[in-house]
Amino acid sequence: MGPFEPDRETACTFYIQPIFSDVSDVVVIGAGVMGASIALDLSRAGRNVTVVDKGEAVGAGSTSASSSVVRTSYSTLDGVTAAWESTHAWQAFESHVGEITGPVARFVRCGMLMLAAPGFDRERTVGHLETVGVPHEIISADDLPVRFPAIDNGRYGPPAAAQDPGFFRSADGLLDALWLPDSGFVDDPQLAAANMMQAALAAGATLRLRAEVSSVDLSTQHTSGASQATGVTLVDGERLNAPVVVNAAGPWSAQINARVTADLGMTVTTRALRQEVHTLGAAPGFLVESGGAVVGDLDLGAYFRPHFGDTMIVGGVEADCDPLVWLDDADACNAHVTLELFENQGYRAARRVPGAKIPHQPKGVGAAYDVSGDWVPIYDRTSVDGYYLAVGTSGNQFKNAPIVGGIMTRLIEACDRGHDHDADPVIYHCGRIDRPLNLGHYSRCRELNATSGTVIG
């Protein structure tokens with residue numbers, strides 16, 4: 001399990017390796033929350049799905065390090081649409097996964113505050129919220145400390161490192177905030193992945209852990225000369241045949257793509273980025289049971305939310321003063337927290353929530369996240385027929401996990417029928433909110449979206 005799970009038994013120990021088959025309709029690379037969601041929907045659609053992951057457990061990679069924030073504060077209309085549909089899915093997550101054994105991950109509706117700050121285009125976001133029908137409210141600078149007394153709403157930005165003398169400058173004004181009452185977090189991200197994988201296995205999927213992919217296998221179509229996926233080969237030499245391969249390998253996705261000996265037609269790529277998330281003691285007025293909310297704080301350069309056991313989780317928002325640590329090999333990620341980042345993020349949270357308790361020893365986790373150039377994921381086909389991407393998802397896409405399986409299933413089915421998704425993007429219908437989602441928004445060859453460029457969970 002990840003470092004932030006509630007104190008209860010998990011459902012991550014039910015996996016018994018099934019009898020293996022070397023022939024499937026689909027091979028999904030990655031058993032994180034995205035791979036589990038994709039396997040679930042494809043299996044329910046009648047596909048013979050095999051999930052492979054080199055790890056020891058479902059959701060043990062970046063999924064387990066997620067802060068599992070569920071929010072709708074996106075700067076694009078499609079981003080808000082997908083997040084609002086997903087919020088409804090999390091609210092009904094138990095029915096989404098169906099009858100499975102053991103505990104089921106829970107959505108905690110605590111609301112979210114997006115503090116006013118440069119870099120957050122609130123007017124555009126509010127416009128999208130109104131279009132989609134997401135409840136929201138602007139809380140004035142005078143009312144904010146009345147409604148959330150644990151929060152200091154002073155304007156301290158721009159963000160600075162804790163070691164910078166300017167970090168302790170006095171406030172030069174007060175911040176108001178955008179309030180999203182239906183936002184919150186999922187109590188255990190790895191359990192959520194395990195729940196969806198268990199449901200996928202019940203629907204007929206096969207799971208293979210400790211199975212690392214060495215190559216994505218291709219053939220050449222004689223009439224067109226185009227490449228076609230034919231399956232994958234594992235590092236032990238075993239071959240798994242399938243006409244459809246989905247890369248959902250998280251921080252390892254770019255390394256998988258590099259093993260494909262054909263042009264994928266990507267103008268948007270992904271890289272592994274090291275992140276840290278830390279645990280502090282929560283202020284008395286900032287608890288899950290009362291007063292605590294997810295807070296996006298671009299003014300100080302952090303996000304945080306309440307958690308169980310009177311704690312709070314704190315992460316960064318890629319502020320200019322915080323150097324980004326890119327990784328060529330996700331396996332090289334240092335899983336231990338560093339004192340410098342712990343102080344930067346912990347002090348920022350403590351400044352915004354003065355009653356927060358900073359532990360004597362850093363507590364938290366370091367992990368590799370998979371991000372694109374605009375922090376928007378890629379849910380797309382590639383120029384190799386049958387090879388699909390669900391990548392660039394780490395950090396801000398956990399919230400969309402329940403619908404990613406449906407998105408990829410809709411895309412694969414359309415392309416199987418010969419639809420030219422590159423020329424005429426597939427539309428996914430968000431049935432819970434009755435709105436269309438243009439999957440061209442997630443294209444591998446899109447122009448980069450203008451976003452805040454932050455993870456926030």
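Start your tour where helix 1 meets helix 6: their crossing is left-handed. Keep in mind that you are looking at a predicted model.

To bring up the pair, select residues 33-44 for helix 1 and residues 189-202 for helix 6. Their axes lie 8 Å apart and pack at an angle of about 25°. Angles under 35 degrees count as roughly parallel, so helix 1 and helix 6 are roughly parallel to each other.

Next, show the side chains at this contact. From helix 1, pick Val33, Ala36, Ser37, Ala39, Leu40, Ser43 and Arg44; from helix 6, add Ala193, Met196, Met197, Ala199 and Ala200. Colour them by class, and you should find nine nonpolar, two polar and one charged residues.

Now stay with helix 1 alone. Is this helix mostly covered or mostly uncovered? It is mostly covered, with 10 of its 12 residues buried. Among them are Met34, Gly35, Ile38 and Leu42. For a quick geometry check, 12 residues at 1.5 Å each should span 16 Å, and the end C-alpha atoms of helix 1 sit 17 Å apart, which agrees. Step just past the helix and click Gly46, which takes a positive phi of about 95°.

Last stop: helix 8, residues 339-352. Its 14 residues should span 20 Å at 1.5 Å a residue, and its end C-alpha atoms are 20 Å apart, so the two agree. Select its buried residues, including Phe342, Asn344, Gln345 and the arginines Arg348, Arg351 and Arg352. Then switch on what covers the buried residues of helix 8, including strand 5 (112-115), strand 14 (270-281), strand 15 (294-297), strand 16 (302-307) and strand 17 (311-316).

Methods: Residues are numbered from 1 along each chain as its sequence is written. This is a predicted model: local features need pLDDT of at least 70, side-chain atom pairs count only at pLDDT 80 or more; totals for chains, interfaces and linings use all residues. Side-chain values use heavy atoms; hydrogens and water are left out. Axes are lines fitted to C-alpha atoms, for helices over the stretch in contact, and angles run from 0 to 180 degrees between N-to-C directions. Helices (H or I, at least four residues) and strands (E, at least two) are DSSP runs, numbered from the N terminus. Angles under 35 degrees count as roughly parallel, over 145 as roughly antiparallel, 65 to 115 as roughly perpendicular and the rest as oblique. A crossing is left-handed if the near helix is turned anticlockwise from the far one by less than a right angle, and right-handed if clockwise. Contact means heavy atoms within 4.5 Å. Ala, Val, Leu, Ile, Met, Phe, Trp, Tyr, Cys and Pro count as nonpolar, Asp, Glu, Lys and Arg as charged, and the others, Gly among them, as polar. The expected span of a helix is 1.5 Å times one less than its number of residues. Buried means under 20% relative accessible area, exposed over 50%, partly exposed in between (1.4 Å probe, protein chains only).
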